[in-house]
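This report describes the fold of one protein chain, then its helices, then a few residues in its strands and loops.

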Amino acid sequence: MAAEKEYPMTIAGKQKLEQELEHLKTVKRKEVVERIKIARSFGDLSENSEYDSAKEEQAFVEGRITTIENMIRNAKIINEDETSIDEVSLGRTVTFIELPDGEEESYSIVGSAEADPFEGKISNDSPIAKSLLGRKVGEEVVVQTPGGEMVVKITSIK
């Protein structure tokens, strides 16, 4: 039997997943069941697009519940107190400047389960994070991205 995949995440990330799971189980699941019940009342299920749509949504919700339960069960909490403040690691926020004259950017490096680039949280599996992990303030790092190479200089780690 293959080993379960670990999902590194912060305590806040785990709590967010637990809240989503609770919402899916207590609210969303009931809404979908109600939609199915209403769609069934329309009669012939073979040509009932409302019924098909509700069943698809039910499959999505149940799949998401299973995924989140697995992520929570296999969560590996990142304890920021146990990581070095001197180097880029999971749970830390790194600020860097793209050289030669780019703007300053900051990202929190988190596990894939809680990555959200729009909130400044990037996965430890992303090209930028992979290049920065283990590096220190002042280092220049070559980052391989789908758009080509870029060179960044780390200015701070929090």
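Strands here are DSSP runs of at least two residues, labelled E and numbered from the N terminus. Under that definition, Thr-95 belongs to strand E3, which covers residues 93-99. The model is a predicted one.

**Overall fold**

The protein contains three helices and seven strands. Read from the N terminus, the order of these elements is β-α-α-β-β-β-β-α-β-β. The radius of gyration is 21 Å, well over the 15 Å that the globule rule gives for 158 residues, so the protein is more spread out than a compact globule. The C-alpha trace spans about 70 × 35 × 30 Å along its principal axes.

Of the 158 residues, 34% count as buried. The exposed surface of the protein comes to about 9,900 Å², and carbon and sulfur atoms supply 51% of that area. Among contacts with a separation of 6 or more, 49% are between residues 24 or more positions apart.

**Helices H1 and H2**

Helix H1 takes in residues 11-40; at 1.5 Å a residue, its 30 residues should span 44 Å, and the 42 Å between its end C-alpha atoms agrees with this. H1 has a kink of about 40°, centred on Leu-24. Leu-24 is also one of the buried residues of H1, along with Gly-13, Leu-17, Leu-21, Val-32, Ile-36 and Ala-39. The cover over these buried residues includes strand E1 (7-9) and helix H2 (49-73).

For H2, the 25 residues should span 36 Å at 1.5 Å a residue; its end C-alpha atoms are 36 Å apart, which agrees. At the start of H2, a side-chain oxygen of Asn-48 comes within 3.2 Å of the backbone nitrogen of Glu-50. The buried residues of H2 are Tyr-51, Ala-54, Glu-57, Val-61, Ile-65, Ile-68, Asn-70, Met-71 and Ile-72. What covers them includes E1, H1 and strand E2 (75-77). H1 is therefore part of the cover of H2, and H2 is part of the cover of H1.

**Residues in strands E3, E4 and E7**

Buried means a relative accessible area under 20%, and exposed means over 50%. Thr-95 in E3 has a relative accessible area of 6%, so Thr-95 is buried. Leaving out residues up to four places away in sequence, Thr-95 touches Glu-104, Glu-105, Ser-106, Lys-153, Ile-154, Thr-155 and Ser-156.

One of these contacts, Lys-153, is in strand E7, residues 148-157. With a relative accessible area of 35%, Lys-153 is partly exposed. Apart from residues up to four places away in sequence, Lys-153 touches Thr-95, Phe-96, Ile-97, Leu-99, Gly-138, Glu-139 and Glu-140.

Val-110 is in strand E4. Its relative accessibility is 4%, so Val-110 counts as buried. Beyond its neighbours within four places in sequence, Val-110 is in contact with Ala-115, Lys-121, Ile-122, Ser-123 and Asn-124.

**Loops on either side of E4**

Pro-100 lies in the loop between E3 and E4. The peptide bond joining Leu-99 and Pro-100 is cis, with omega about 10°. Most peptide bonds are trans. Asp-101 is found in the loop between E3 and E4 as well. At 69% relative accessibility, Asp-101 counts as exposed.

Gly-120 sits in the loop between strand E4 (104-110) and strand E5 (121-123). Is Gly-120 buried or exposed? Its relative accessibility is 15%, so Gly-120 counts as buried. Not counting residues up to four places away in sequence, Gly-120 touches Ser-106, Tyr-107 and Ser-108.

**Separations in sequence and in space**

The table sets sequence separation beside the C-alpha to C-alpha distance for four pairs of residues.

| Pair | Separation in sequence | C-alpha to C-alpha distance |
|---|---|---|
| Gly-120 and Leu-133 | 13 residues | 16 Å |
| Val-110 and Ile-78 | 32 residues | 8.6 Å |
| Asp-101 and Phe-42 | 59 residues | 63 Å |
| Lys-153 and Val-33 | 120 residues | 53 Å |

Conventions: Residues are numbered from 1 along each chain as its sequence is written. This is a predicted model: local features need pLDDT of at least 70, side-chain atom pairs count only at pLDDT 80 or more; totals for chains, interfaces and linings use all residues. Side-chain values use heavy atoms; hydrogens and water are left out. Helices (H or I, at least four residues) and strands (E, at least two) are DSSP runs, numbered from the N terminus. The expected span of a helix is 1.5 Å times one less than its number of residues. The bend at a residue is the angle between axes fitted to the seven residues ending there and the seven starting there. Buried means under 20% relative accessible area, exposed over 50%, partly exposed in between (1.4 Å probe, protein chains only). Contact means heavy atoms within 4.5 Å. A polar contact is a pair of N or O atoms within 3.5 Å; within protein, one must be able to donate a hydrogen and the other to accept it, and residues adjacent in sequence count only if both atoms are side-chain atoms. The radius of gyration is taken over C-alpha atoms; the globule rule is 2.2 Å times the number of residues to the power 0.38. Accessible areas come from the Shrake-Rupley method with a 1.4 Å probe; for residues, only the protein chains shown count as cover.
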